[in-house]
Amino acid sequence: MNKVEAPSLLLPDFNYLVNKAVLQYINTRYNIYDANQQTTDDLRVLKATAILPVKKADSAYGTADSETIKGLYGATYEADLPDDYLHMLNCVCIFKVNEQKDCWDAGDLWNCGATRLTSDMWPLVINNFYMRPSYRRPYYFIHNVNKSTDLPTNSYVSDTSLGTGTDTPSGDYNYETNSNLSRSIKIGNKQESLVEKNIGHRFGNASTVRCEIRYGRDDSVFQLKNIHIDYLKSPQHLRLTQTQLDSTRDTSQMMEFPDYVCQEIINGLVKLVMENSSDPRLQTNIPVNQTIAPPAQLQSQQQTKKS
């Protein structure tokens, strides 16, 4: 950006663009995550593990005696993902054996990896003998449930209150904030704003992320106790203040990424600034400053498309 007529950049704009550059870099690398060791190392500081408790999803799909539960969702459990959840990497289910079965004794634990379930897969696997959910083949599904029959697609009742349609928590509509979602989150004994985020803030979801585990119709023998997940955390919120900018000493926030990743994020930030100011050098900046090549399989795909 060393240029006589470099565009001026307000501090709030810088904070917005630098956080945007971080998220763009993360999304780019997540698309090819684990393709090779480098793509894994790029996001290693965001990788985390959690063991989550589960509960049976009776409230979401009716009572335990309903035909719906027994016929389709008999062994469906749900868990709330961590508040700093960004992307799932894998999920392992931990079952407790309630009675003797094959080679398992009562009280044994059975660990089994869960497969990601998509909406278009579900109608195909439920009656497929080789793919249908079971304790040997559980599926995890990031999913919200519509619990309302009165307001199936619109949770807002004009001039009155909020319903529970589309799994939206009920509550009074706040005309000042134009939202029924909380604008703050409790961390320890202190309320932290979700709007004006503080330095190092990791909460990237305005509401709880719900994960379902589906493994068939019967959970009487193999009962799900908890799930073990590896996931990517939301990155720390970056914020530069005017006091830090005016200070002689550099007291600005330290980025959590490795040095080479910080340089790539800076490259992305420069592109955003140049695009924002309509700088003609943007056309040459991208090829000149590309230092990390895509994995070999992506390169071959790109060459195939060009040919």
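Is D34 buried or exposed? Select D34 first, bearing in mind that the model in the viewer is a predicted one. D34 counts as exposed because its relative accessibility is 51%, and the cut-off for that label is over 50%. The residue sits in the loop that runs between α1 and α2 (37-42), and its phi is positive, at about 65°, although D34 is not a glycine.

Next, select the sheet. Four strands form an open sheet in the order β1-β11-β4-β5, with antiparallel pairing. At its edges lie β1 (47-53) and β5 (109-113), each of which pairs on one side only, and from one strand to the next the twist averages 25°. To look at one pairing in detail, show β1 together with β11 (residues 222-233), which are joined in the antiparallel sense over seven bridges; within β11, L232 is the bridge partner of K47. Now add helix α1 (residues 11-30), which packs on the sheet and touches β4 (85-97) and β11, its direction making about 50° with that of β4.

From β4, move on to the loop between β4 and β5, where D102 is found. D102 is not a glycine, yet it has a positive phi of about 50°, and with a relative accessible area of 56% D102 is exposed.

Finish at the loop between α5 (122-125) and β7 (139-142), which is the place of Y130. Y130 counts as exposed because its relative accessibility is 65%. Select F129 and M131 along with Y130, and you will see the residues that make a nonpolar surface patch of about 390 Å².

Conventions. Residues numbered from 1 in each chain as written. Predicted model: local features only at pLDDT ≥ 70, side-chain atom pairs only at ≥ 80, totals over all residues. Heavy atoms only, no water. Patch = residues over 30% accessible without salt bridge, like charges linked within 9 Å, V, L, I, M, F, W, Y side chains within 5 Å. Areas by Shrake-Rupley, 256 points an atom, 1.4 Å probe, with all protein chains shown as cover. Salt bridge = Lys/Arg side-chain N within 4 Å of Asp/Glu carboxyl O. Helix = DSSP H or I, 4+ residues; strand = E, 2+ residues; numbered from the N terminus. Buried < 20%, exposed > 50% of the residue type's maximum accessible area, 1.4 Å probe, protein only. Pairing = 2+ DSSP bridges. Axes fitted to C-alpha atoms, helices over the stretch in contact; angles between N-to-C directions. Contact = heavy atoms within 4.5 Å.
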